[in-house]
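Please look through the sequence and the structure shown below before reading on. The report that follows moves from single residues to the sheet and its helices, and then to charged pairs and the surface.

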Amino acid sequence: MGLQPSMEDDARWMSRALELARSAGASGEVPVGAVVVREGRLIGAGSNRPISSCDPSAHAEIVALRAAATALGNYRLAGCEIFVTLEPCVMCAGALLQARLSRVVFGAADPKTGAAGSVVDLFAESRLNHHATCTGGLLAHESAALLREFFFARRRAGGAA
């Protein structure tokens, strides 16, 4: 499966996901970013795009999964890991499990829609046919601050996201 992950490498990948999240926020999307990594190499990246693409499934994780699957020529991403700035929702958690990722690392928890322990935990559901290691809290402060600032600015401007 490749090299053992290190905290330093994990922080580097999450920092890259944060860059993507900032870019999404700057373009009016909810600031969430994700990167898919295999054996220490970036193979897919994405940021939230549901507004700009008129696609409710265009969450950062899904965009990154699509890019990684295209890069590998396979919808199964065994041996891959994803770094995402926000706890995956049910849709994204399901897609991550269907893609057969081995590891999911997220930043901020999502107490309203999180499916990695905040509301439900699909990654701990033993009845599912695939499982991934899931860890939260990496650079959580930075991820949460981006979201807070984004929604604060939207409320001040009277807009909705």
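## Two residues with an unusual backbone angle

Glu-39 is placed in the loop that lies between β1 and β2, and the model in which it is seen here is a predicted one. With a relative accessibility of 51%, Glu-39 counts as exposed, because the cut-off for that word is over 50%. Its backbone deserves a careful look, since Glu-39 has a positive phi of about 50° although it is not a glycine. As a point of background, most residues other than glycine have a negative phi.

Leu-139 offers a second case, for this residue has a positive phi of about 55° and is not a glycine either. Leu-139 is found in the loop between β5 and α5, and its relative accessible area of 22% makes it partly exposed.

## The sheet

In what order do the five strands of the open sheet stand? The order is β2-β1-β3-β4-β5, and the pairing within this open sheet is mixed. The strands β2 (41-47) and β5 stand at the edges and have a single partner strand each, so one side of each is left without a neighbour in the sheet. Neighbouring strands of this sheet are turned against each other by 15° on average, if direction is ignored.

In general, the strands of a sheet pair through backbone hydrogen bonds, and they do so in either a parallel or an antiparallel way. Here β4 and β5 run parallel and are joined by four bridges. One residue pair can be followed in the structure, where Val-104 has Cys-134 in β5 as its bridge partner.

## Helices on the sheet

Helix α1, which covers residues 7-26, packs on the sheet and touches β1 (33-38), β2, β3 (80-86) and β4. The direction of α1 makes about 145° with that of β1. Helix α5, made of residues 140-157, also packs on the sheet, where it touches β3 and β4, and the direction of α5 makes about 55° with that of β4.

## A buried alanine in a loop

Is Ala-58, at 3% relative accessibility, buried or exposed? Ala-58 counts as buried, because its 3% is under the cut-off of 20%. Its place is in the loop between α2 (50-53) and α3 (60-72), which may be a useful reminder to check the accessibility of a loop residue in the structure itself.

If residues up to four places away in sequence are not counted, Ala-58 touches Ser-47, Asn-48, Arg-49, Pro-50, Ser-53 and Val-63. Arg-16 is 42 residues away from Ala-58 along the chain, and the C-alpha atoms of these two residues are separated by 19 Å.

## Salt bridges

How many salt bridges does the count come to? The count comes to six, and among them is the one between the side chains of Asp-9 and Arg-12, with 3.7 Å from N to O. Asp-9 and Arg-12 are three residues apart in helix α1, which means that about one helical turn separates them. Asp-9 is partly exposed at a relative accessible area of 30%, and Arg-12 is partly exposed at 44%. Helix α1 also holds Arg-16 and Glu-19, again three residues apart and about one turn of the helix, and these two form a salt bridge whose closest N and O atoms are 3.2 Å apart. Arg-16 has a relative accessible area of 29% and Glu-19 one of 43%, so that each of them is partly exposed.

A further salt bridge is formed by Arg-66 and Asp-55, with the closest N and O atoms 3.7 Å apart. Arg-66 lies in helix α3 while Asp-55 lies in the loop between α2 and α3, so the pair ties together parts that are 11 residues apart in sequence. Arg-66 is partly exposed at 45%, and Asp-55 is partly exposed at 22%. Finally, Asp-10, Glu-81 and Arg-103 are joined into one network by salt bridges that share partners.

## A nonpolar patch on the surface

Val-90, Val-119 and Val-120 make a nonpolar surface patch of about 230 Å². One of these residues, Val-119, lies in the loop between β4 (103-108) and β5 (133-136). Val-119 is partly exposed, with a relative accessible area of 48%.

Definitions and conventions
Residues are numbered from 1 along each chain as its sequence is written. This is a predicted model: local features need pLDDT of at least 70, side-chain atom pairs count only at pLDDT 80 or more; totals for chains, interfaces and linings use all residues. Side-chain values use heavy atoms; hydrogens and water are left out. Patches are made of residues with over 30% relative accessible area and no salt bridge: like charges are joined within 9 Å, nonpolar side chains (Val, Leu, Ile, Met, Phe, Trp, Tyr) within 5 Å. Accessible areas come from the Shrake-Rupley method with a 1.4 Å probe; for residues, only the protein chains shown count as cover. A salt bridge is a side-chain nitrogen of Lys or Arg within 4 Å of a carboxyl oxygen of Asp or Glu. Helices (H or I, at least four residues) and strands (E, at least two) are DSSP runs, numbered from the N terminus. Buried means under 20% relative accessible area, exposed over 50%, partly exposed in between (1.4 Å probe, protein chains only). Two strands pair if DSSP finds at least two bridges between them. Axes are lines fitted to C-alpha atoms, for helices over the stretch in contact, and angles run from 0 to 180 degrees between N-to-C directions. Contact means heavy atoms within 4.5 Å.
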